[in-house]
Amino acid sequence: MIKLNVQDMACGGCIKSIKEAIMAKDTTADVNADLETGAVEVTSSLSPDAIRDTIIEAGFPTQLA
């Protein structure tokens with residue numbers, strides 16, 4: 001599992017955008033997000049850097065936890 005800290009995640013729509021971006025690259029990914037903490041956990045065959053870059057491309061500043 002890959003843990004990330006995502007900034008500017010403010011609503012369910014943000015979570016949906018992040019999930020869709022990751023799942024566009026890995027349809028089997030499992031994505032869980034917590035708005036209060038800004039934490040996103042991803043189980044995926046993608047590398048941690050690829051997941052981070054995907055979330056950044058979706059418009060959310062992100063760091064690996």
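## The nonpolar core

Let's start in the middle of this predicted model. Its largest nonpolar core is made up of 16 residues, and Leu4, Val6, Ile22, Ile51 and Ile55 have the most contacts inside it. Four elements each supply at least two residues of this core: β1 (2-6), α1 (12-25), β3 (39-43) and α2. The largest share comes from α1, which puts in four residues.

Ile55 is a good one to click on. Leaving aside residues up to four places away in sequence, Ile55 touches Leu4, Val6, Ile18, Ile22, Phe60 and Thr62. Leu4, Val6 and Ile22 from that list are also among the residues with the most contacts inside the core.

## How the two helices meet

Now for α1 and α2. Two packed helices are described by the angle between their axes and the distance between the axes. Here, α1 and α2 pack at an angle of about 130°, and their axes are 9 Å apart. An angle that is neither under 35 degrees, nor over 145, nor from 65 to 115 counts as oblique, so α1 and α2 are oblique to each other. Their crossing is right-handed.

Which residues make the contact between α1 and α2? On the α1 side they are Ile18, Ala21, Ile22 and Lys25, while α2 brings Ile51, Thr54, Ile55 and Glu57. Sorted by type, the residues of this contact are five nonpolar, one polar and two charged.

## A closer look at Thr54

Thr54 sits in helix α2, which covers residues 48-57. Is Thr54 buried or exposed? Its relative accessibility is 3%, and anything under 20% is called buried, so Thr54 counts as buried. Not counting residues up to four places away in sequence, Thr54 touches Ala21, Ile22 and Lys25. You've just met those three on the α1 side of the helix contact.

## Out in the loops

Asp8 is found in the loop between β1 and α1. Most residues other than glycine have a negative phi. Asp8, though not a glycine, has a positive phi of about 65°. With 57% relative accessibility, Asp8 counts as exposed, because the cut-off for that word is over 50%.

Another loop, between β3 and α2, holds Ser45. Ser45 is exposed too, as its relative accessible area is 67%. How far apart are the C-alpha atoms of Ser45 and Gly12? They are separated by 24 Å, and the two residues are 33 residues apart along the chain.

Methods. Residues are numbered from 1 along each chain as its sequence is written. This is a predicted model: local features need pLDDT of at least 70, side-chain atom pairs count only at pLDDT 80 or more; totals for chains, interfaces and linings use all residues. Side-chain values use heavy atoms; hydrogens and water are left out. Buried means under 20% relative accessible area, exposed over 50%, partly exposed in between (1.4 Å probe, protein chains only). Contact means heavy atoms within 4.5 Å. A nonpolar core is a set of buried Ala, Val, Leu, Ile, Met, Phe, Trp, Tyr and Cys residues joined through side-chain atoms within 4.5 Å. Axes are lines fitted to C-alpha atoms, for helices over the stretch in contact, and angles run from 0 to 180 degrees between N-to-C directions. A crossing is left-handed if the near helix is turned anticlockwise from the far one by less than a right angle, and right-handed if clockwise. Ala, Val, Leu, Ile, Met, Phe, Trp, Tyr, Cys and Pro count as nonpolar, Asp, Glu, Lys and Arg as charged, and the others, Gly among them, as polar.
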